[in-house]
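Here are a few exercises to work through with the model open in your viewer. Try each task before you read its solution.

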Amino acid sequence: MVEWTDFERATIADIFSKMEYEVIGPAALSRCLVVYPWTQRYFGNFGNLYNAAAIIGNPLVAKHGTTILHGLDRAVKNMDNIKSEYAELSVLHSEKLHVDPDNFKLLSDCLTIVVSAKLGKEFNGEVQAAFQKFLAVVVNSLGRQYH
Amino acid sequence: LLFMSIKSPSLLKLITAFSDSQSTGKMTTLTAKDKDRVKTFWAQVSGKSEDIGSEALARMLIVYPQTKTYFAHWKDTSPNSANAKKHGITVMGGVADAVTKIDDLKAGLLSLSELHAFTLRVDPANFKILSHCILVVMANMFPEDFTPQVHVAMDKFLSALALALAEKYR
C-alpha cells in the first residue's frame, strides 16, 4: 500500500485539476517518439513518423497522447488503490498490445519534462518528487500483470 | 525480408534505420547535427549555467534521496545548503567543459573519469539520475527552446558524457 503525504495528494490533485490534456498529452507522446525513436515500434499504423516535425504534427499521435494522459485520471481519482485500478489496463498492455513495460518509464520521463516546461517555477523540487512518485506508482501498476 | 517490407513500409524503415545506425553508430555516437544542436542550445543557456547546476543538484537530492549518501561528509545535505549550491555549480562547470570537448569526450574527460573511478566511486547509475534532473531544469527554465529535437540531442550528449565519465571504472 503506497503512503501519500498530504502535500503529495494536494500536489497531484492540483496539477491534474488544471491539466491541458490536449496540449500536454500530445507534447509528451510526440516527445517520447522523438527522443526514444524505438518507441515508434508500437505505432506502425500511425502514418508519417519519419522525422521530428512529422511526429509533432501527426494528428494520430496527438489524439493518442490525449487518450494516454486521460488514462492517468483514474489514478488521480483513486490514489489509494492505483494497483487495482490498472489491473485490467496492465493485462491489455501485456497480452494485447505487447508493450515492453520499460516504455512506460520513458513516457513518464517525457511527461515530467513537458509538465516541468509548462509549470515553470511552480514545478519545484518537492513538486517534481511528488509527480515522479505518482508516475512511478502508475508505471509499476501497469507492469504488474505481465508474466 | 523484401516481402515483409512490401507488406509493412514501417518495417522497412525500421530495418533501414537499424542498419544505418549500425554503420553510423547513432545510438551512442553524436552526429554532426546532434553536436550542432548541443552547442547552439548551450550557447543560449550557458549564462545561466550556475543556476541550472544548483537547481539540478538540489532536485536530485530531493527527488532521489539515496543520492545524499554521497554527501555524508557535508554537515548539511539539504538541497538549499551552501554546499549543495556550490557543488551544483562545480558539476555544471564540468558539463560546460565537456561541450568544448564534444568531439572526443573520452579523451577530454580522462582525468575526471579517473577522479570518479578511483576517488569518488560514484555508482554510474547516478549519472543517469543527475542527467534527468538537468533535462528537467532545462525544460523548466527554457520551455520555448528545449524542443524535442534539442531534448534528444542533449540526452544523447549527457549519455555520452556519462559513458566517458565511467570509462576508467573497470
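**Exercise 1. Work out what kind of polar links join chain A and chain B.**

Keep in mind that this is a predicted model.

Step 1: Start with polar contacts. Between chain A and chain B there are 9 residue pairs in polar contact, both partners at pLDDT 80 or more.

Step 2: Now try salt bridges. The rule finds 0 salt bridges across the interface of chain A and chain B.

**Exercise 2. Find which parts of chain A touch chain B, and how much area gets buried.**

Step 1: Count the residues. Chain A puts 26 residues into the contact and chain B puts in 21.

Step 2: Get the area. About 2,000 Å² is buried between the two chains, with carbon and sulfur atoms giving 61% of that. On the chain A side, A:Arg31, A:Ile113 and A:Gln128 lose the most area to chain B, together 26% of what that side buries.

Step 3: Assign elements. Helix H2 (21-35), helix H3 (52-57), H8 and helix H9 (125-143) of chain A each give two or more residues to the side touching chain B. H8(A) supplies the largest share, 6 residues.

Step 4: Sort by class. That side of chain A splits into 13 nonpolar, 9 polar and 4 charged residues.

**Exercise 3. Describe how H8(A) packs against H8(B).**

Step 1: Set the geometry. The axes of H8 in chain A (residues 102-119) and H8 in chain B (residues 125-141) come within 7 Å and cross at roughly 35 degrees. The crossing is right-handed.

Step 2: List the partners. From H8(A) you get A:Asp109, A:Thr112, A:Ile113, A:Ser116 and A:Ala117, which meet B:His132, B:Leu135, B:Val136, B:Ala139 and B:Asn140 of H8(B).

Step 3: Classify them. This helix contact has 5 nonpolar, 4 polar and 1 charged residues.

**Exercise 4. Count the salt bridges over all chains and trace one of them.**

Step 1: The total over all chains is 11 salt bridges.

Step 2: Take A:Lys133 and A:Glu8, whose closest N and O atoms sit 3.0 Å apart. The salt-bridge cut-off is 4 Å, so this pair qualifies.

Step 3: Place the two ends. A:Lys133 is in helix H9 and A:Glu8 is in helix H1 (residues 6-17), so to speak distant parts of chain A, 125 residues apart.

Terms used:
Residues numbered from 1 in each chain as written. Chains lettered and ligands numbered in written order. Predicted model: local features only at pLDDT ≥ 70, side-chain atom pairs only at ≥ 80, totals over all residues. Heavy atoms only, no water. Axes fitted to C-alpha atoms, helices over the stretch in contact; angles between N-to-C directions. Helix = DSSP H or I, 4+ residues; strand = E, 2+ residues; numbered from the N terminus. Left-handed = near helix turned anticlockwise from the far one by under 90°. Contact = heavy atoms within 4.5 Å. Nonpolar A, V, L, I, M, F, W, Y, C, P; charged D, E, K, R; others polar. Buried area = accessible area lost by both parts, 1.4 Å probe. Salt bridge = Lys/Arg side-chain N within 4 Å of Asp/Glu carboxyl O. Polar contact = N/O pair within 3.5 Å; in protein donor to acceptor, adjacent residues only side chain to side chain.
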